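Visitor: Pick one spot in this model and take me through it slowly, then work outwards from there. Please spell out the cut-offs as you go.

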Amino acid sequence: MTKPKGNWQTETKLWQVALLRIFFGYYFFQDGLGKLTGGFTGSDALEKWLTTKTTGAFGWYKPFLTGVAIPHYQLFAWLVTWGMILGGLALLLGLLTRPAALVGILMTLNFYLAKGGGSPATTSDQAFMAGLVVVFLTRAGRSFGCDRWLARRYPDSPLW
């Protein structure tokens with residue numbers, strides 16, 4: 001008699017969730033490449049964006065923006081750019097999907113908090129976060145992704 005597989009060891013058959021993962025991966029990868037080739041990391045574009053958004057940001061989030069993010073905007077520009085490129089690539093390939101989805105959720109959450117909520121731009125942030133939570137929870141990298149093989153080799157890992 002074979003031992004039944006636990007939920008952590010099964011692969012998902014939800015190809016629709018794989019499409020969602022690929023959509024987010026493509027979006028993040030393209031946006032990150034645009035930032036890299038468009039000079040986002042070498043300019044003060046992020047500083048200007050953060051400075052204009054600070055007035056509308058959530059009150060408890062403003063000290064982070066003014067005390068950490070704006071003074072270190074160059075570092076954050078690189079983190080955002082490479083987070084989008086590497087996270088997008090990981091989502092496209094279905095490789096380390098859960099950590100990549102978490103990175104996407106955290107970046108989008110920070111964009112949402114900086115905007116202060118309430119505008120149509122923040123509803124797209126909310127939709128992205130919700131979609132990435134679905135990708136994270138359903139282990140979407142196991143459908144048409146490299147996480148499928150990693151899960152077979154290392155079935156007890158929570159990373160895929």
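Guide: Let's start with Asp 125, which counts as buried because its relative accessible area is just 8%, and buried here means under 20%, exposed over 50% and partly exposed in between, with a 1.4 Å probe and protein chains only. A caveat before we go on: this is a predicted model, in which local features need pLDDT of at least 70 and side-chain atom pairs count only at pLDDT 80 or more, while totals for chains, interfaces and linings use all residues. Residues are numbered from 1 along each chain as its sequence is written, and side-chain values use heavy atoms, with hydrogens and water left out.

Asp 125 sits in helix α6, residues 120-137; helices are DSSP runs of H or I with at least four residues, numbered from the N terminus. What does Asp 125 touch, leaving aside its neighbours within four places in sequence? The list is Thr 108, Phe 111, Tyr 112 and Lys 115, where contact means heavy atoms within 4.5 Å.

Lys 115 deserves a second look, as its side chain meets that of Asp 125 in a salt bridge at 2.9 Å, N to O. This pair links distant parts of the chain, Asp 125 in helix α6 and Lys 115 in helix α5 (residues 97-115), ten residues apart. The rule for a salt bridge is a side-chain nitrogen of Lys or Arg within 4 Å of a carboxyl oxygen of Asp or Glu. Side chains of opposite charge can pair when their charged atoms come close. The lysine end is partly exposed, since Lys 115 has a relative accessible area of 21%, whereas Asp 125 is buried.

The salt bridges number three by that rule. One of them joins the side chains of Asp 31 and Lys 35, at 3.8 Å, N to O. Why are these two about one helical turn apart? Asp 31 and Lys 35 are four residues apart in helix α1 (residues 15-37), so about one turn separates them. At 24% relative accessibility Asp 31 counts as partly exposed, and Lys 35, at 18%, counts as buried. Another bridge brings the side chains of Asp 44 and Lys 48 together at 3.7 Å, N to O. There, Asp 44 is partly exposed with a relative accessible area of 30%, and Lys 48 is exposed with 52%.

Back to the contact partners of Asp 125, because Tyr 112 and Phe 111 lead on to other parts of the picture. Tyr 112 belongs to an aromatic cluster with Phe 58, Trp 60, Tyr 61, Phe 64 and Phe 76. Rings of Phe, Tyr and Trp (its six-membered ring) pair if their centres lie within 6.5 Å, with planes under 30 degrees apart counted as stacked, over 60 as edge-to-face and the rest as tilted. By this rule the count comes to twelve aromatic pairs. In one of them, the rings of Tyr 27 and Phe 128 have centres 4.9 Å apart and planes at 65°, so the pair is edge-to-face. That pair also links distant parts of the chain: Tyr 27 is in helix α1 and Phe 128 in helix α6, 101 residues apart. Tyr 27 counts as partly exposed at 37% relative accessibility, and Phe 128 as buried at 16%.

Phe 111 takes us to how α5 packs on its partner. The axes of helix α4 (residues 73-93) and α5 come within 9 Å and cross at roughly 140°; axes are lines fitted to C-alpha atoms, for helices over the stretch in contact, and angles run from 0 to 180 degrees between N-to-C directions. From α4 the contact uses Val 80, Gly 83, Met 84, Gly 87, Ala 90 and Leu 91, and from α5 it uses Thr 97, Ala 100, Ala 101, Val 103, Met 107 and Phe 111. These residues divide into nine nonpolar, three polar and no charged, with Ala, Val, Leu, Ile, Met, Phe, Trp, Tyr, Cys and Pro counted as nonpolar, Asp, Glu, Lys and Arg as charged, and the others, Gly among them, as polar.

Last stop, the loop between α4 and α5, where Leu 96 is placed. Phi of Leu 96 is near 55°, a positive value in a residue other than glycine, and Leu 96 counts as partly exposed at 34% relative accessibility.
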